[in-house]
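Me: Could you walk me through a structure, one question at a time? Here it is.

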Amino acid sequence: MEKPQTAQEIAAALRLALRGLVRPVAVLTAEHRGVRHAMAATAFCEVSMDPPSMLVCINRSNATYTAVAEGTEIGLSLLSEEQEEVSRRCGGGAAGEDKFAVGEWLLEAGKPPRLADGCAAMVLRIAQCVDHGTHVVVIGEIVDIAHGAAPAPLAFHDGAYFFPLTQAALNLVAQSRKTGEADGMNDGYLMMDLMRAFYWFDEGLQSALKARGWQSISRSQSFTLANIALGIHRPSDIARNLGISRQAVSKMLQEMGEQGLITVEPDPDDKRASLVGFSEKSAQLRADALEILMQLERTIGERIGARALKALRAALGQDWGALPA
Ligand SMILES: Cc1cc2nc3c(=O)[nH]c(=O)nc-3n(C[C@H](O)[C@H](O)[C@H](O)COP(=O)(O)O)c2cc1C
């Protein structure tokens with residue numbers, strides 16, 4: 001391997017090396033004279049626990065930098081897997097207030113904007129700025145920090161968004177299939193196969209909906225819509241099926257209601273409970289989703305053969321009876 005010699009060659013080699021890393025993604029924000037700024041960032045890390053501080057490297061040509069240079073506080077929100085669109089907007093895909101059109105932003109006057117629905121959100125009081133080359137290293141002491149409900153972080157790898165926990169789950173499933181094969185269980189575990197198949201469908205559905213111009217919906221939202229389609233309307237049943245708390249499900253249902261995806265009505269049989277259903281407004285989204293699911297099924301048929309697809313549907317469509325004791 002030839003060693004890079006010039007500064008340009010070294011920079012190119014560094015870029016290549018950095019592309020190979022899996023970097024968590026954050027959004028850095030600042031407000032100055034009533035104007036809000038936001039930029040995606042991967043060049044950030046912790047500096048010290050005493051005092052608790054973080055650093056971020058900001059290109060001086062970024063508009064956000066002008067606000068940082070003149071302000072005293074910045075916001076740093078660590079993004080979750082479900083915030084790829086937020087990162088795209090803040091990473092150059094949108095301008096001005098459009099950056100804040102997606103995501104649950106905490107917008108308090110005099111405070112930098114933060115995301116409530118990410119992995120964590122902090123307010124940093126700027127302690128030091130160190131100029132170097134094209135960038136400024138901003139060190140800030142944390143004066144406020146809150147954890148979001150979403151534990152799975154969004155990452156960037158090889159020039160694309162990357163979902164480390166989902167990827168780990170998929171690897172586990174692939175691994176368990178291999179282990180199953182090595183153990184002579186040629187089909188691995190059926191439950192793992194069903195999970196892998198579900199992810200295949202869900203990812204196919206999500207990207208096709210996005211291609212049709214729909215705002216991206218999270219996996220939990222997608223699960224919830226699938227539950228409603230299966231005739232499950234009680235938030236407590238949905239919470240149990242999703243494996244999340246009632247509190248988390250009611251927050252999500254409220255958001256989905258606000259987005260016009262569902263309706264949440266009082267349960268006529270139980271005054272303290274509510275029932276969720278599809279909203280009129282989501283009819284076109286559902287029609288598109290059904291069309292995409294049919295298309296995905298046709299693709300499976302082309303790939304594994306019509307007979308295998310028919311057999312698969314027949315086996316899954318049978319009544320498996322009550323759970324064994
Ligand atoms: C995934 C990702 C990571 C980024 N990381 C950084 C970073 O660490 N520092 C930086 O200065 N710019 C980074 N950028 C670029 C800025 O987010 C981008 O230039 C943005 O449009 C700046 O917005 P502004 O000019 O409104 O401040 C990143 C962009 C993306 C998409």
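Me: Thanks! In which helix is the place of Leu312?

Reply: Happy to help. This is a predicted model, where local features need pLDDT of at least 70, side-chain atom pairs count only at pLDDT 80 or more, and totals for chains, interfaces and linings use all residues. Residues are numbered from 1 along each chain as its sequence is written, and side-chain values use heavy atoms, with hydrogens and water left out. Helices here are DSSP runs of H or I with at least four residues, and strands are E runs of at least two, numbered from the N terminus. Leu312 sits in helix H10.

Me: Is Leu312 buried or exposed, or partly exposed?

Reply: Buried means under 20% relative accessible area, exposed over 50%, and partly exposed in between, using a 1.4 Å probe and protein chains only. Leu312 has 40% relative accessibility, so this residue counts as partly exposed.

Me: Which helices each supply at least two residues of the nonpolar patch?

Reply: Such a patch joins nonpolar side chains (Val, Leu, Ile, Met, Phe, Trp, Tyr) within 5 Å, from residues with over 30% relative accessible area and no salt bridge, that is, no side-chain nitrogen of Lys or Arg within 4 Å of a carboxyl oxygen of Asp or Glu. Its members are Leu190, Leu194, Ile304, Leu312, Leu316 and Trp320. The helices are H5 (190-211) and H10 (306-317).

Me: Turning to the ligand, how far from a nitrogen atom of the ligand does a backbone N or O atom of Thr42 lie?

Reply: A polar contact is a pair of N or O atoms within 3.5 Å. Ala43 offers a backbone N or O atom 2.9 Å from a ligand oxygen. For Thr42 and the ligand nitrogen, the distance is 3.0 Å.

Me: Which element gives the largest share of the shell around the ligand?

Reply: The ligand has 19 residues around it, each with a heavy atom within 4 Å. Among the elements that give two or more residues are strand S5 (52-59) and helix H2 (63-70). The largest share, 4 residues, comes from S3.

Me: Where is the cis peptide bond, and what is its omega?

Reply: Look at the loop between strand S4 (44-49) and S5, where Pro51 is found. The cis bond joins Asp50 and Pro51, with omega of about 0 degrees.

Me: What is the phi of Arg33?

Reply: Arg33 lies in the loop between strand S2 (26-32) and S3. The residue is exposed, with a relative accessible area of 72%. Although Arg33 is not a glycine, its phi is positive, at about 50 degrees.

Note on methods
A polar contact is a pair of N or O atoms within 3.5 Å; within protein, one must be able to donate a hydrogen and the other to accept it, and residues adjacent in sequence count only if both atoms are side-chain atoms. Patches are made of residues with over 30% relative accessible area and no salt bridge: like charges are joined within 9 Å, nonpolar side chains (Val, Leu, Ile, Met, Phe, Trp, Tyr) within 5 Å. Accessible areas come from the Shrake-Rupley method with a 1.4 Å probe; for residues, only the protein chains shown count as cover.
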